[in-house]
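Thank you all for coming; I would like to walk through one structure this morning, taking the sheets before the side chains. Please keep the sequence and the coordinates open while I talk.

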Amino acid sequence: MKSHAQAVVIGGGVVGCSILYHLTKLGWTDVVMLERDELTSGSTWHAAANIHGLHDSTNISRLQHYTMGLYKELEQETGQGCGVFQPGSLYLAQTEEREHQLRLQEAKARYYGMNFHEISRDEAERLHPLVNYDGIRCIMFELDGGNVDPSGVTMAYAAGARANGAEIYRFTPVTATIQQSDGTWLVETPKGNIRTEWLVNAAGLWGREVATMAGIELPLIPTEHQYFVTESIPELEALDRRLPSVADRDGEYYLRQEVQGLLVGAYEKDMKFWAEDGTPQGFGHELFPDDLERIEVNMMRAIERVPALERAGIKRVINGPMIWSPDSAALFGPVPELSNYFCCNGIIPGFSQSGGLGLLSAQWIIEGEPKLDMFAWDLARYGAWAGKDFTRERVRDQYAHRFKIHFPNEEREAGRPLRTRPVYELQKSLGAVFGLNFGWEHPLWYAGSPQQAEETVGFTRQNWFDPVGAECRRLRQHAGIIDISNFAKYSVKGAGAEDWLNTLFANRMPQSAGRSCLTPLIGKRGGIAGDFTVTRLTEDEFLVIGSGMAERYHQRYFNAVPLPAGTTFRSMTEAMCGFNVAGPKSRELLQRLTNANLSTPAFPFMRSQRIELAGVEVVALRVSFTGDLGWELHCATEDQLTLYQALLQAGKDFDTGPVGSRALMSLRVEKGYGSWGREYSPEYWPQEVGLDRLIKMDKGDFLNRSAYEALAGNKPRERLVLIDVQAGNADATGGEPIFQPDGTPVGRVSSGSYGYTVEKSLALGYVKDVSAGQEVSVAILGRPHKAIVLAEPPFDPKGERLRQ
């Protein structure tokens, strides 16, 4: 066995083999796979192996469409059959909400040129005559849908990798992974040891155990999952073609042809965990005993939809394990706390995603960053707070509601509350409805009383629409108090603090105490990896504020720039809390609680001071994400409740009170402000989002400067714009395609909201070849809505309120 490799992939399932194959396709030929048993062992071999392209997430749709198109190319390249059947897939909507979801996906398919479109009942009956279409509101057809052979696909990836120089060692379990002082890894096996630059954990059912060897705890847990295959059905035997698969997600089952019978699978409410404390080392190609009673309700729905099932005998039942993350999405990417340790675990629809995951993994390992923004799957979206109890409850919810629609703004309750701050109970008593942000509970909106603190979900405007509007108007007319404790906060101290921050960020750091700056963080390909506010508190102390949900994600970038001797970097997110007090009366409100002079001459915009407020020491920053006059107030966590109570009490005289993050979303969209993870991501160039003005090329080197320099002179591929949409009972939320009036695709929405204080439905989005004042069409609920590209934000376009 080899003693050295550029990369070692642990796990010979479909995803591990895809990663190995794609590493070789991108030029790394000195790569090795270690498989504890035979290839496909674990969950790969017994998968139903359905393939589909459309997903609510645009980038995941791209990834899945790449995968679907790869299999036939893989067959031609390797000579190994993948068992590709693509008779198409029928998507059925029984409810109005499912129809909204499918129509939105159809609009996205038109934008990206994917084969997914609505068909009539007559056409559906011709395509699949066994289906009873009664009660179906809308039918979509995906031309390329179908299924593949799990073993064939896995072996094709392996054959392609071997042909390109990779080596695969079967029956070679990994017994230890030890990081060396130079950042490389020593991988121990009974057959010898391998030293490698990159270690890839694609161990499937054993992903937890492999991670533990490196000191990592992955939030994963396996469940049982069943499907069955019927005996031959006469109606199928009489046909000379293969029938399309059926996606009846309102019925909570999936169905496709298998030889001359039907394969039916279900995600039942009465789900069952397996191997919660660890996957047995000896497990390989085993199955569990049949337990069809658990999926009887789902089976009856399938029989009602396809009556021929009732007369068919069951040929075999597959009851095997699957391993899940808390949100059923992959745990994907380099582990931020380690050097050169890559994970790709917890993949559920592996045969729809294997190719895309392999390609993006190889890009990330070799080139430093994937070409698509994959934060929704980045393992850094979870921290140590996602423990076993949380994972168990979330997986239970995800499995039992596998086909439930994930609505815009929906917050599921399973496993919560997990992390709360001192004001949580008081906010709860005020009627707060909470959301989850990197494990923390934070107020979304206020219902008026705890008894009313429950929200509905859907694609149209919900029960929170009017209360959020009241919060927005209160802030714009008077003032509002917004909990911003979930922002990530960092302290950088020492003689080398300024130099380190200048080497990390693209803007020039503030030159004197009490000044702040906004700065981008540049990604490996020159895009926007983050946006931060940096405040110089003293000669050698800085406060850095960024996205809370990206705290672990950004750790990779912080680690890329070594700290100078005597300089410290510390996360203060748990130690500090904060409030944004904003609105035209915010100065008067705060002045009641402090002797500090808050007038503009004494405390200008983008300045900071350490002041005492209601007896609490705070770092006060004259900034506001609302676009209005306001201050961010950051205090010690133990002082949060005292400060909040004082702000609420003082606010009574100004007809104000608490404001949630839904209102903050609306207010920042009215001002045209972008947000990380929506408008800002590594996919977008600084000049496309208007942040190039904050990049100082004359200040010296900074992280990934050369990548930005290579594209700085390029014409923007698209531009971020603000759009006024003629909406009815629903607003854009993100992902909706934007078309010319003649149907030509020109862009997509990044985020949207109703602008309550400007009385417009607004959307931020990326467009190409579109000018201000031009009419476009936004596909809200999949339907065209007239819209106008705005030349300036409708709220305070000159920024006078911020500076008053």
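**Two sheets and some local details**

Let me begin with an open sheet of five strands, whose order is β23-β24-β25-β22-β26 and whose pairing is antiparallel. At the edges stand β23, residues 516-522, and β26, residues 568-571, and because each has a single partner strand, one side of each is left without a neighbour in the sheet. Neighbouring strands here are turned by 25° against each other on average, if direction is ignored. I should say at once that this is a predicted model, so please hear every value I quote as one computed from the model.

Staying at the β23 edge, this strand is joined to β24, residues 528-538, by seven bridges, and the two run antiparallel. If you would like a residue to look for, Leu521 has Gly530 in β24 as its bridge partner.

Across this sheet lies helix α14, which covers β22 (488-493), β23, β24 and β26 and runs at about 80° to β24. Within α14, residues 551-559, you will find Tyr553 and Tyr557, four residues apart, which is about one turn of the helix. Are these two tyrosines buried or exposed? Both Tyr553 and Tyr557 are buried.

That brings me to the aromatic rings, for which a search of the whole structure finds 39 pairs. Tyr553 and Tyr557 form one of them, a tilted pair with 5.6 Å centre to centre and 50° between the planes. There is also a cluster, in which ring pairs link Tyr490, Trp500, Phe505, Phe532, Phe558 and Phe569.

Two arginines also deserve a look in connection with rings. Arg662 lies over the face of Trp464, at 4.5 Å from the ring centre, while the charged end of Arg717 sits over the ring of Trp685, 3.9 Å from its centre.

Let me now turn to the second sheet, in which six strands close into a barrel, in the order β32-β35-β34-β33-β36-β37 and with antiparallel pairing. Its neighbouring strands are turned by 45° against each other on average, again with direction ignored. Helix α17, residues 661-670, packs on this sheet and touches β32, β34 (745-755) and β35 (760-767), and its direction makes about 125° with that of β34.

Which strands does β32 join in the barrel? On one hand, three bridges join β32, residues 719-725, to β37, residues 783-789, and these strands run antiparallel; here the bridge partner of Val725 is Ala787 in β37. On the other hand, seven bridges join β32 to β35, also running antiparallel, and Arg719 stands opposite Val767 in β35.

Strand β35 is largely enclosed by the rest of the structure, because seven of its eight residues are buried. Eight bridges join β34 to β35 in an antiparallel arrangement, with Ser751 standing opposite Leu764 in β35. These two strands form a hairpin with four residues between them, and Glu759 in the turn has a positive phi of about 55°.

That value is worth a pause, since most residues other than glycine have a negative phi, and most peptide bonds are trans. Glu759 is not a glycine, yet its phi is positive, and its side of the picture is completed by a relative accessible area of 65%, so Glu759 counts as exposed. Asn340 likewise has a positive phi, near 60°, without being a glycine; Asn340 is placed in the loop between β17 (331-334) and β18 (341-345), and at 26% relative accessibility Asn340 counts as partly exposed. As for the peptide bonds, the one from Arg416 to Pro417 is cis, with omega near -5°, and Pro417 is found in the loop between α10 (388-400) and α11 (424-429).

Finally, a word on the cysteines: how many disulfides does the structure hold? The structure holds zero disulfides. Take Cys344, whose sulfur has its closest cysteine sulfur in Cys343, 8.7 Å away, and therefore too far for a bond. Cys344 is buried, with a relative accessible area of 2%, and Cys472, at 0% relative accessibility, counts as buried too.

Note on methods: Residues are numbered from 1 along each chain as its sequence is written. This is a predicted model: local features need pLDDT of at least 70, side-chain atom pairs count only at pLDDT 80 or more; totals for chains, interfaces and linings use all residues. Side-chain values use heavy atoms; hydrogens and water are left out. Rings of Phe, Tyr and Trp (its six-membered ring) pair if their centres lie within 6.5 Å; planes under 30 degrees apart count as stacked, over 60 as edge-to-face and the rest as tilted. Buried means under 20% relative accessible area, exposed over 50%, partly exposed in between (1.4 Å probe, protein chains only). A charge sits over a ring if NZ of Lys or CZ of Arg is within 6 Å of the ring centre and within 35 degrees of the ring normal. A disulfide is a pair of cysteine sulfur atoms within 2.5 Å. Two strands pair if DSSP finds at least two bridges between them. Axes are lines fitted to C-alpha atoms, for helices over the stretch in contact, and angles run from 0 to 180 degrees between N-to-C directions. Contact means heavy atoms within 4.5 Å.
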